[in-house]
Amino acid sequence: MKHISTFGSSNYRVSDLQLLRNSDDDAAVANMLAHCPIMQLEPQEAVAESGRARLYILLRGALSVTHDTRTGMADGTVSKILPGESVGEQSVLDEETNLAHITALEPSEVLVIEADLVWQLIDESNVLARNLLRLLSFRIRAANAQLRRRQKLGEFYRQLSMIDGLTGLYNRAWLNDLLPTMVATAHGSNAPLALIMIDLDHFKKFNDSHGHLAGDEALRTAAQVLSSALRPTDFAVRYGGEEMMVLLPDTNAKVAVSVAERLCERMRQAKVFADVRVGGMQQPLPHITASFGVAILQPQQSEQELIAIADAALYRAKELGRNQVAA
């Protein structure tokens, strides 16, 4: 920064400074500011900190302010300061070094006011005190609004991280997060909780025969079968690979088996691709089937035990010939 003048010897007026605008006695304020230095900044030049709290008021040009650059708490927030606006108020009020990184965006002139003089101005000018309170109130509101937006964005990405990108079903992370809560709720209310494990039959062979793109389409088709057949209170999860899972709160064994059988039948009917005609003949394209294992939460049973029981039932369905339900 280059010292080029003082406020008293410049053509700038108190009315140019937003914090002091509408002062009761501009002459008295101008006299107090008379010896304050005006510093010149070239484009991309940063304000050199002295280790002391200071108030900076931009007189000409434009500044970029990146907040909290030396605390490890930088959040990417960048503000643009225009002529008449200020930066450094908080450092003056809490008597700490300014933690903002201030850089000129174009040739700029900045009025530098030391903290002790700012406090004298506050004592002498009610206008400065009121303007400072208004400014800080505005910044607090803006910060709160930004925090709310970030919280919503964070929740959006948290939810997004719990959705399987291929099938649109919940993923294993969601299951690990929510299943213990569902089990605890069921135990606490003595309500039934059913779990259905699902495995697409001969999926490796399907992939080897028709390619991985067709395999991906088969997974999406199976997921659509589950999603379209469940109640709003039920949950479908991609457990891993070609394994999927359905959670049925407040559902007893009889109803759970009925749901699994309905899903099994719909899986048989689902078409991964539409049939095509070749040489005048209708050629069926590959369909999919699945095996289903049903388990009901027992007293004192953990979520791991519930999954293990459903998994054992699923393997019984496979041993019995696949494309069916075992409970």
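**Notebook: contacts, a sheet and its salt bridges**

**Entry 1. The whole chain**

I began with contacts between residues at least 6 apart in sequence: in the protein chain, 72% of them join residues at least 24 apart. I note here that the model is predicted. Next I looked up the secondary structure, and the chain has nine helices and 15 strands. Then I checked burial. Of the 327 residues in the chain, 41% are buried. The accessible surface is about 17,700 Å². Carbon and sulfur atoms account for 52% of that surface.

**Entry 2. A five-stranded sheet**

I picked one sheet to follow. It is open, with five strands in the order S10-S11-S9-S14-S15, and its pairing is mixed. Which strands stand at the edges? They are S10 (235-240) and S15 (325-326). Each has a single partner strand, so one side of each is left without a neighbour in the sheet.

I then looked at what packs on this sheet. Helix H8 (residues 253-269) touches S9, S11, S14 (290-296) and S15. The direction of H8 makes about 170 degrees with that of S14. Helix H9 (residues 303-319) lies across S9, S10, S11, S14 and S15. H9 runs at about 145 degrees to S14.

**Entry 3. Strand S11 and its partners**

I reminded myself of a general point: strands of a sheet pair through backbone hydrogen bonds, either parallel or antiparallel. Which sense do S9 and S11 show, parallel or antiparallel? S9 (residues 193-200) and S11 (residues 243-249) run antiparallel, and seven bridges join them. I wrote down two facing pairs. Leucine 195 is opposite leucine 247 in S11. Aspartate 199 is opposite glutamate 243 in S11.

On to S10. Strands S10 and S11 are also antiparallel, with five bridges. Here alanine 236 faces valine 246 of S11. S10 and S11 form a hairpin with two residues between the strands. In this hairpin, glycine 241 takes a positive phi near 60 degrees.

I also asked how many residues of S11 are buried. Six of its seven are, and the strand is mostly covered.

**Entry 4. Salt bridges**

Side chains of opposite charge can pair when their charged atoms come close. I looked up the count, which is eight salt bridges. I followed three of the pairs.

The pair of arginine 54 and glutamate 114 has its closest N and O atoms 2.8 Å apart. It links distant parts of the chain: arginine 54 is in strand S3 (residues 54-60) and glutamate 114 is in strand S8 (residues 108-114), 60 residues apart. Are these two side chains buried or partly exposed? Arginine 54 has a relative accessible area of 13%, and the cut-off for buried is under 20%, so arginine 54 is buried. Glutamate 114, at 24%, counts as partly exposed.

The next pair is arginine 238 with aspartate 164, where the closest N and O atoms are 3.3 Å apart. Arginine 238 lies in S10, and aspartate 164 lies in the loop between H4 and helix H5 (172-189). The pair therefore ties together parts that are 74 residues apart in sequence. Arginine 238 is buried at 17% relative accessible area. Aspartate 164 is buried at 14%.

I had already met aspartate 199 opposite glutamate 243. What does aspartate 199 form a salt bridge with? The partner is lysine 318, with the closest N and O atoms 3.0 Å apart. Aspartate 199 lies in S9 and lysine 318 in H9, so the bridge ties together parts 119 residues apart in sequence. H9 is one of the helices I had noted on the sheet, lying across S9 among other strands. Aspartate 199 is buried, with a relative accessible area of 7%. Lysine 318 counts as buried at 16%.

**Entry 5. A nonpolar patch**

Last, I turned to the surface. Which residues form a nonpolar patch there? They are Leu153, Phe156, Tyr157 and Leu160. Together they have about 420 Å² of accessible area. I looked at leucine 153 more closely. Leucine 153 sits in helix H4 (residues 126-160). Its relative accessible area is 46%, so leucine 153 is partly exposed, since exposed means over 50%.

Terms used. Residues are numbered from 1 along each chain as its sequence is written. This is a predicted model: local features need pLDDT of at least 70, side-chain atom pairs count only at pLDDT 80 or more; totals for chains, interfaces and linings use all residues. Side-chain values use heavy atoms; hydrogens and water are left out. Two strands pair if DSSP finds at least two bridges between them. Helices (H or I, at least four residues) and strands (E, at least two) are DSSP runs, numbered from the N terminus. Contact means heavy atoms within 4.5 Å. Axes are lines fitted to C-alpha atoms, for helices over the stretch in contact, and angles run from 0 to 180 degrees between N-to-C directions. Patches are made of residues with over 30% relative accessible area and no salt bridge: like charges are joined within 9 Å, nonpolar side chains (Val, Leu, Ile, Met, Phe, Trp, Tyr) within 5 Å. Accessible areas come from the Shrake-Rupley method with a 1.4 Å probe; for residues, only the protein chains shown count as cover. A salt bridge is a side-chain nitrogen of Lys or Arg within 4 Å of a carboxyl oxygen of Asp or Glu. Buried means under 20% relative accessible area, exposed over 50%, partly exposed in between (1.4 Å probe, protein chains only).
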